[in-house]
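Here is a quick tour of one protein chain, written for someone who would rather look at the residues than read a table. Keep the structure open next to the text as you go.

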Amino acid sequence: MDNLLQRYFGTRDLAQVQVDAIPAAAERMQVDLGLEKDRGKRFALWSLLHMLDAAPDLDVAFEDEADREAARNFMDLMAATGPHDEPESAA
């Protein structure tokens, strides 16, 4: 994931990414996802796109049912972690 962040955003820290840079990078990732043949690399690209709320539907992104199931598991794990807000301090 760090390598993808570096490639598309010029940093390995997602917190350092400028919000206005996300749409153009997501578009490049979507093009690369469509061209990528390696299943692992496709999954990594799709995962980052999912985190950026720019991922295509599973049936579009993955031909193989096992890959779609892995993506569903990833989405469930991401949903279970919830928002990454800073904890509120006790009053």
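## A serine tucked away

Leaving out neighbours within four places in sequence, S47 is in contact with M1 and F74. This serine belongs to helix α3, which covers residues 39–51. Is S47 buried or exposed? S47 counts as buried, because its relative accessibility is 3% and the cut-off for buried is under 20%.

Bear in mind that all of this comes from a predicted model.

## The overall picture

Zooming out, the protein has 5 helices and 0 strands. Read from the N terminus, the order of elements is simply α-α-α-α-α. The C-alpha trace spans about 50 × 30 × 20 Å along its principal axes.

How much of the chain is buried? Of its 91 residues, 27% count as buried. The protein exposes about 6500 Å², and carbon and sulfur atoms supply 51% of that area. As for contacts between residues at least 6 apart in sequence, 39% of them join residues at least 24 apart.

On the charge side, there are 9 positive and 19 negative charges. The mean positions of the two sets lie 10 Å apart.

## Where α1 meets α2

Helix α1 takes in residues 2–9 and helix α2 residues 22–35. The two pack at an angle of about 115°, and their axes are 10 Å apart. The crossing of α1 past α2 is right-handed. On the α1 side, the contact is made by R7, Y8 and F9, while α2 brings in I22, A25, R28, M29 and D32.

I22 deserves a second look. This isoleucine is found in α2, and setting aside neighbours within four places in sequence, I22 is in contact with F9, V17 and L52. With F9, the C-alpha to C-alpha distance is 8.1 Å, for a separation of 13 residues in sequence. Is I22 buried or partly exposed? I22 counts as partly exposed, because its relative accessibility is 24% and partly exposed begins where buried, under 20%, stops.

## The loop between α3 and α4

Three residues are worth picking out in the loop that joins α3 to α4, and they make a nice set to click through. D53 lies in this loop. Its phi is near 60°, a positive value in a residue other than glycine. D53 is exposed, because its relative accessible area is 74% and exposed means over 50%.

A54 is found in the loop between α3 and α4 as well. At 18% relative accessibility, A54 counts as buried. Not counting residues up to four places away in sequence, A54 touches A26, Q30 and L49; of these, A26 and Q30 fall within the range of α2, residues 22–35. How far is A54 from M75, C-alpha to C-alpha? The two C-alpha atoms are separated by 13 Å, with their positions 21 residues apart along the chain.

P56 is also found in the loop between α3 and α4, the latter helix being residues 58–61. Which residues does P56 touch, once those up to four places away in sequence are left out? They are L33, W46, L49 and A61. L33 sits 23 residues away from P56 in sequence, and their C-alpha atoms are 9.6 Å apart in space. P56 counts as partly exposed, with a relative accessibility of 25%.

## Putting it together

L49 turns up on the contact list of A54 and on that of P56. For accessibility in this loop, then, D53 is exposed, A54 is buried and P56 is partly exposed. Elsewhere, I22 in α2 is partly exposed, whereas S47 in α3 is buried.

Technical notes. Residues numbered from 1 in each chain as written. Predicted model: local features only at pLDDT ≥ 70, side-chain atom pairs only at ≥ 80, totals over all residues. Heavy atoms only, no water. Helix = DSSP H or I, 4+ residues; strand = E, 2+ residues; numbered from the N terminus. Buried < 20%, exposed > 50% of the residue type's maximum accessible area, 1.4 Å probe, protein only. Contact = heavy atoms within 4.5 Å. Areas by Shrake-Rupley, 256 points an atom, 1.4 Å probe, with all protein chains shown as cover. Lys, Arg positive; Asp, Glu negative; His and termini not counted. Charge placed at Lys NZ, Arg CZ, Asp CG, Glu CD. Axes fitted to C-alpha atoms, helices over the stretch in contact; angles between N-to-C directions. Left-handed = near helix turned anticlockwise from the far one by under 90°.
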